[in-house]
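Colleague: Before we start, I would like to ask how the words used for this model are justified. Please set each value against its definition.

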Amino acid sequence: MNIGIIGAGNIGSALAVRLTSLGHSVYIANSRGPETLQDLAQKTGATPVTAQEAAQRGSDILVVTIPLEKIPDLPKDLLADVPAEVPIIDTSNYYPMLRDGHIPELETGDLTESGWVQQHLGRPVVKVFNNIFAEHLEKNGTPAGTPGRIALPVASDDAAAKQKVMALVEELGFDALDGGTMRESWRQQPGGPIYCNDLPADQVREHLVRLGSERTEAQHQEFLANHAKAEQAMADQGIKLK
Ligand SMILES: NC(=O)c1ccc[n+]([C@@H]2O[C@H](COP(=O)([O-])OP(=O)(O)OC[C@H]3O[C@@H](n4cnc5c(N)ncnc54)[C@H](OP(=O)(O)O)[C@@H]3O)[C@@H](O)[C@H]2O)c1
């Protein structure tokens with residue numbers, strides 16, 4: 001496949017390594033320009049391009065994997081010529097303390113994190129890879145049937161795009177689980193039980209069922225509080241996200 005990746009940081013690089021090794025053609029962009037991506041190109045065989053070129057040349061799948069706060073900086077016409085059937089993967093997470101500042105719709109819970117992203121992009125997105133560490137995404141994929149294989153939920157309002165992305169998740173070495181609609185994608189957000197815990201399919205399924213579909217105010221507050229604690233612990237360890 002021809003796969004565009006906008007964002008060449010932890011997740012973009014991990015995906016570039018794996019996708020090129022599987023034989024896909026990868027076109028990858030950052031904010032500073034293709035000339036700054038020569039090392040990554042040498043390491044992976046991915047082609048460095050601008051964000052606009054990644055959107056054009058990623059004719060099978062486009063991945064947007066930049067910090068949430070930078071989403072509004074993307075060119076407004078970025079996806080104008082991208083055919084509707086090309087899945088747009090979003091890997092975003094909201095880190096208000098360490099990176100993104102306060103975004104009202106995410107604080108109130110009126111929108112899910114990827115719901116906010118798709119509003120900015122003007123297109124349905126497919127939420128996946130947000131709940132696995134980049135290093136695990138690069139190194140911990142295993143063949144189907146391996147005991148303990150990590151399962152990743154995939155959420156979207158676009159059923160066809162979701163199926164295509166679920167097939168890619170399997171190819172990368174993870175059990176792909178239907179994570180429901182964009183409105184239900186809160187279940188894989190930070191502060192919840194399936195965020196970065198590398199759980200196998202039966203456990204992820206159990207959590208999805210137990211959490212339910214519609215987020216309650218109590219669940220929203222619980223996830224926010226858990227994530228605030230996690231962010232504080234990261235800050236205490238000197239971890240910086242920008
Ligand atoms: N790190 C993880 O393990 C992990 C796991 C799951 C999900 N996530 C989520 O995935 C997203 C990306 O995380 P990350 O850790 O990969 O980020 P990162 O390492 O900080 O990398 C961000 C990348 O985005 C690029 N970028 C920023 N603004 C851009 C723009 N306007 N146009 C094009 N490229 C732009 C940056 O380019 P420049 O360097 O040139 O500015 C950089 O290559 C975040 O929402 C994060 O929360 C991260």
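Modeller: A strand here is a DSSP run of E of at least two residues, and strands are numbered from the N terminus. Asp90 lies in one of them, β5, which covers residues 88–90. Keep in mind that this is a predicted model.

Colleague: Why is Asp90 called buried?

Modeller: A residue is buried if 20 or more other C-beta atoms lie within 10 Å of its own. Asp90 has 30 C-beta neighbours inside 10 Å, so it counts as buried.

Colleague: Which residues does Asp90 touch, leaving aside those up to four places away in sequence?

Modeller: Asp90 touches Val64, Ser114, Val117, Val125, Val126 and Lys127. To count as a contact, two C-beta atoms must lie within 7 Å. As for Ala161, 71 residues from Asp90 along the chain, the two C-alpha atoms are separated by 12 Å.

Colleague: Ser114 and Val117 are on that list. Which residues of helix α6 are buried?

Modeller: Helix α6 spans residues 113–121, and its buried residues are Glu113, Ser114, Gly115, Trp116, Val117 and Gln118. The cover over them includes β5, α5 (104–108) and β6 (126–127).

Colleague: What comes after α6?

Modeller: Gly122 follows, with a positive phi near 75 degrees. This glycine sits in the loop between α6 and β6.

Colleague: Is Gly122 buried or exposed, and how do you know?

Modeller: A residue is exposed if 12 or fewer other C-beta atoms lie within 10 Å. Gly122 has 11, so it is exposed. Its C-alpha atom is 9.6 Å from that of Asp77, and the two are 45 residues apart in sequence.

Colleague: What makes the phi of Phe129 worth a remark?

Modeller: Most residues other than glycine have a negative phi. Phe129 is not a glycine, yet its phi is positive, near 65 degrees. Phe129 lies in the loop between β6 and α7. With 24 other C-beta atoms within 10 Å, against a cut-off of 20, Phe129 is buried.

Colleague: What can you say of Asp198?

Modeller: Asp198 also is not a glycine, and its phi is positive, about 50 degrees. Its place is the loop between β8 (175–178) and α9 (201–211). Asp198 has 18 other C-beta atoms within 10 Å. That value falls between the limits of 12 and 20, so Asp198 is called partly exposed.

Colleague: Why are Asn140 and Ser59 called partly exposed?

Modeller: By the rule for counts between the two limits. Asn140 has 14 other C-beta atoms within 10 Å, so it is partly exposed. Ser59 has 16, so it is partly exposed as well. Asn140 is in the loop between α7 (134–139) and β7 (151–154), while Ser59 is in the loop between α3 (51–57) and β4 (61–64). Beyond its neighbours up to four places away in sequence, Ser59 touches Asn2 and Val86.

Colleague: What makes a group of residues a nonpolar core?

Modeller: The members must be buried, must come from a set of nonpolar types, and must be joined through C-beta atoms within 7 Å. The largest such core has 56 residues, of which Ile28, Ala54, Ile89, Leu152, Val154 and Val169 touch the most other members. Contacts of Leu152 outside its neighbours within four places in sequence include Val128, Phe129, Val169 and Phe174.

Colleague: What surrounds the ligand?

Modeller: There are 26 residues around the ligand, and Gly7, Gly9, Asn10, Asn30 and Ser31 are the closest. Helix α1 (residues 10–21) gives the largest share of this shell, three residues. By class, 12 residues of the shell are nonpolar, 11 are polar and three are charged.

Colleague: How do you know that the chain is as compact as a globular protein of its length?

Modeller: The chain has 10 helices and eight strands. Its radius of gyration is 17 Å, and the globule rule gives 18 Å for 242 residues; the values are close, so the chain is as compact as a globular protein of that length. Buried residues make up 40% of the chain.

Colleague: What does the UniProt record say about residues 3–94?

Modeller: An unreviewed UniProt entry annotates them as "domain: Pyrroline-5-carboxylate reductase catalytic N-terminal". In the model, that stretch is 28% helix and 20% strand, with its end C-alpha atoms 25 Å apart.

Key:
Residues numbered from 1 in each chain as written. Predicted model: local features only at pLDDT ≥ 70, side-chain atom pairs only at ≥ 80, totals over all residues. Near = placed C-beta within 6 Å. Helix = DSSP H or I, 4+ residues; strand = E, 2+ residues; numbered from the N terminus. Nonpolar A, V, L, I, M, F, W, Y, C, P; charged D, E, K, R; others polar. Rg over C-alpha atoms; globule rule 2.2 N^0.38 Å. UniProt positions renumbered as here; feature names shortened; annotations may be inferred.
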